[in-house]
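Visitor: I should like to go through this structure by question and answer. Where shall we begin?

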2 protein chains.
Amino acid sequence: MMGGTHQDDAVQGLTGQSARGRSNGSYAYPTALMTDMYEYTMLDAALKDGTAQRRCVFEVFTRHLPTGRRYGVAAGQGRILDAIESFHLGDDDLRFLSDRGIVSPETISWLEDFHFSGSIKGYREGEMFFPNSPILQVEGTFGECTLLETLVLSILNYDSAVASAASRMSSAANGRPCMDMGGRRTNEWAAVAASRAAVVGGFQGTANLLAAKLYGLKAIGTAAHCFTLLHDSERDAFASQVDALGLDTTLLTDTYDIEQAVKTAVEVAGPDLGGVRIDSGDLASLAQRVRMQLDALGATKTKITVTNDLDEYALASLQNAPVDSYGVGTMLVTGSGAPTCAMVYKLSEREGSDGVMVPVAKKSPDKATVPGRKLAFRSYEYGLAECEHVISGSEEQLSAFAPQEGWKDLLVDYMVNGEGDAALQGHDAIAAAHEHHAKALAELPITAQSLMRGDPVIPTDILVL
Amino acid sequence: MMGGTHQDDAVQGLTGQSARGRSNGSYAYPTALMTDMYEYTMLDAALKDGTAQRRCVFEVFTRHLPTGRRYGVAAGQGRILDAIESFHLGDDDLRFLSDRGIVSPETISWLEDFHFSGSIKGYREGEMFFPNSPILQVEGTFGECTLLETLVLSILNYDSAVASAASRMSSAANGRPCMDMGGRRTNEWAAVAASRAAVVGGFQGTANLLAAKLYGLKAIGTAAHCFTLLHDSERDAFASQVDALGLDTTLLTDTYDIEQAVKTAVEVAGPDLGGVRIDSGDLASLAQRVRMQLDALGATKTKITVTNDLDEYALASLQNAPVDSYGVGTMLVTGSGAPTCAMVYKLSEREGSDGVMVPVAKKSPDKATVPGRKLAFRSYEYGLAECEHVISGSEEQLSAFAPQEGWKDLLVDYMVNGEGDAALQGHDAIAAAHEHHAKALAELPITAQSLMRGDPVIPTDILVL
């Protein structure tokens, strides 16, 4: 669609030649200090008083969706597995903790060989979530689980915000491919995560090269206005682009006068020109005029791509315009009005001094939590999701719990005793998440796709055993 | 204030023992693929047609501030210098570009030894900006300048969004220290950049350890609810924290019942307890009650810290409450409603085929640009800023331009012919930006500090020579 010879085949859109393996060389970075200081000071105190070894279950959930949203899309779990692999402290990091007096020498020793040896289960990537869905549960000692809090939340909160926006956008685009072009409007690393999350939420590719490389995503691109301005004429610029990138490229037509640019484009490239892009003005009306002009010039197969601060509402309003694909930037990477999710990481069960696990909860006003570890199922009627069921109880109670017929189990194991499931990491996991998301969205009542503000599309029922 | 013995001295708040030098070991990462694909395909075409060597001036500016904002705060320039130092392509990156067919073999050769050898000037970090302020100007060959577009914008757009929010918040806090606790609500690397930008915009410290380490920022922290829940009783938890972290620590009081917790806290720590934190409920009213209770218990010097989805409006409404410091999270790292700036990177001047520099501009509807390189000054009346003056012209015209008496030159040299100014990078630059920001804010008309929506606090006058 965009980028011509410089893109992968659309059908295999998500497969790239350099899908990320277990190691990504210079792009792997230690994550252990991507953490709030209090995780380390709490560890320090808990090691001193002996509670750091208590077994704990932490739960990631959100109390509410962004105002008016019907569902959220969970994303980032695969990146959490990557991040935990890199969660170790180098000499330099240990020296920092020591020099600043953040933890005691005993804790420094404990941290020297730290690796997370606990277990993680949670919602699939691309799965829908609702208020109180137990999106992730992390089980291990207090010491190892508390160190992960900030990092786990950073990843899930941002990635899920982008995936949730992407889902609404790709749904509003109604089958037309949406491409991520938002990297320039968010932090440079957030951009890479956003590309990945966008694909989880239904996008087909990204302009971001590092994301394309690390995650094996389809890379796309057209040209910028500077390329036209650089040349002595628009004709020179178009001729150069076609010469270097081939006929299948997409020419940018709104630097000076669109009608003239489209005429020049077809004169230069002929009727087999791959595509044109419009980046300003009334996109629906311009697309209509450009389509008629292209058709009149015989360029009936030349595609039209539009860009310019698109969001799900703009995409919905363009559905009758003759547009072939969308490039989405700012509103994608900023979550379309909801740049973060309100996910929190709360202790729900911990070992007592007698070795018995105890459900725990805080009682803070408006921020009380539901004690106990959780199961999660979704029930269906006529093949459509009807209710989210969250079951809370002890490990014994939960293992004896029999879900009703037809309830789908929403939890998968990401990590068992420190061993991550490689199938839930890397490129293949993203492709699987993209597919799972499409399937799960199709199973939600159609109201989910409404852009009107309203309640979550299905209720969450919490059963405390 | 927060974190007791585990923090640096407040006066030297911004100085840390491990301020980032020119190399940050495993945290330095190559940035050359943090780029949209079209930068590389345009380079490819321009190398082929000979225009890649044309001298160019690109300008970063925004057409508008976020709705109702009175000013923006520029941040991230020091990080751009870091990022350019790491802008090189490893074998693996080159193989990716080659395998995907993104650029030709000739371009791969050109990229092998790539380093940016151009010049960059722009607004100081911490400086206020307005619509059309030439925040950064990048000069060099088209090839080298176009490759930086995405990365430069990612950094400036996000960092400035956070610094702008931080500025409004620290202004609304009216002298009470604001601390960044937002890492968990944004991408894990964005969190690090946000901590830095928050300090540029007036914050005093951060919970984020990696930011504290890389940039030599003051690290702060209290404790989480899980620490109380982990223990058999709140009393056990408080005793453990005081034992490990010292009397000067801050105890979290809202896990169960605040009044009881405050009582327990003073019983455990005595009247010299450093601080208590309240994280839920009606913060003003709770702070008032807790202050009275602490005073009655003799803990008159114990500080009160509040947190819980604070933004500038909440901070303004808390000004009469007996609060000593604020922890700000979500709304800081998401730019308090404006998670990105609308900065763009546009070609404003380029060499023609005859070697003469030509001002250029695009004419896209609503997105037209002002041609030519720029100077920028701010004029004052009674010591208060009155107008932003942007002067556009050729290099000769600009070098002959004489600003009026009292106009402050807003541009500094960040990089000259590929050599960055080390004084504008790293910890010291952040401390300088923090101070410059405070001074520049004090020189804006007081309307700048209004939280009411309105126009930019001073107009921008554009003079085309």
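Guide: A salt bridge is a side-chain nitrogen of Lys or Arg within 4 Å of a carboxyl oxygen of Asp or Glu. The model discussed here is predicted.

Visitor: How many salt bridges are counted between chain A and chain B?

Guide: One of them joins the side chains of B:Arg79 and A:Glu188, with an N to O distance of 2.7 Å; this lies within the 4 Å cut-off. The count between chain A and chain B is 18 salt bridges.

Visitor: Which helix gives the largest share of the side of chain A that touches chain B?

Guide: By class, that side of chain A has 49 nonpolar, 34 polar and 28 charged residues. The largest share, 11 residues, comes from residues 37-49 of chain A, which form helix H1.

Visitor: What area do chain A and chain B bury between them?

Guide: The contact involves 111 residues of chain A and 111 residues of chain B. The size of an interface is often given as the accessible area lost when the parts come together. Here 57% of that area is on carbon and sulfur atoms, and the total buried between chain A and chain B is about 9,100 Å².

Visitor: By what kind of axis are the two copies related?

Guide: Chain A can be laid on chain B with an RMSD of 0.0 Å by a turn of 180° and a shift of 0.0 Å along the axis. The same surface serves both copies, as 99% of the contact residues of chain A recur in chain B. From the turn and shift it follows that the two copies are related as by a two-fold rotation axis.

Note on methods: Residues are numbered from 1 along each chain as its sequence is written. Chains are lettered from A and ligands numbered from 1 in the order in which they are written. This is a predicted model: local features need pLDDT of at least 70, side-chain atom pairs count only at pLDDT 80 or more; totals for chains, interfaces and linings use all residues. Side-chain values use heavy atoms; hydrogens and water are left out. Copies are superposed by least squares on the C-alpha atoms of residues with pLDDT of at least 70 in both. Contact means heavy atoms within 4.5 Å. Buried area is the accessible area (1.4 Å probe) that two parts lose on being put together, summed over both. Helices (H or I, at least four residues) and strands (E, at least two) are DSSP runs, numbered from the N terminus. Ala, Val, Leu, Ile, Met, Phe, Trp, Tyr, Cys and Pro count as nonpolar, Asp, Glu, Lys and Arg as charged, and the others, Gly among them, as polar.
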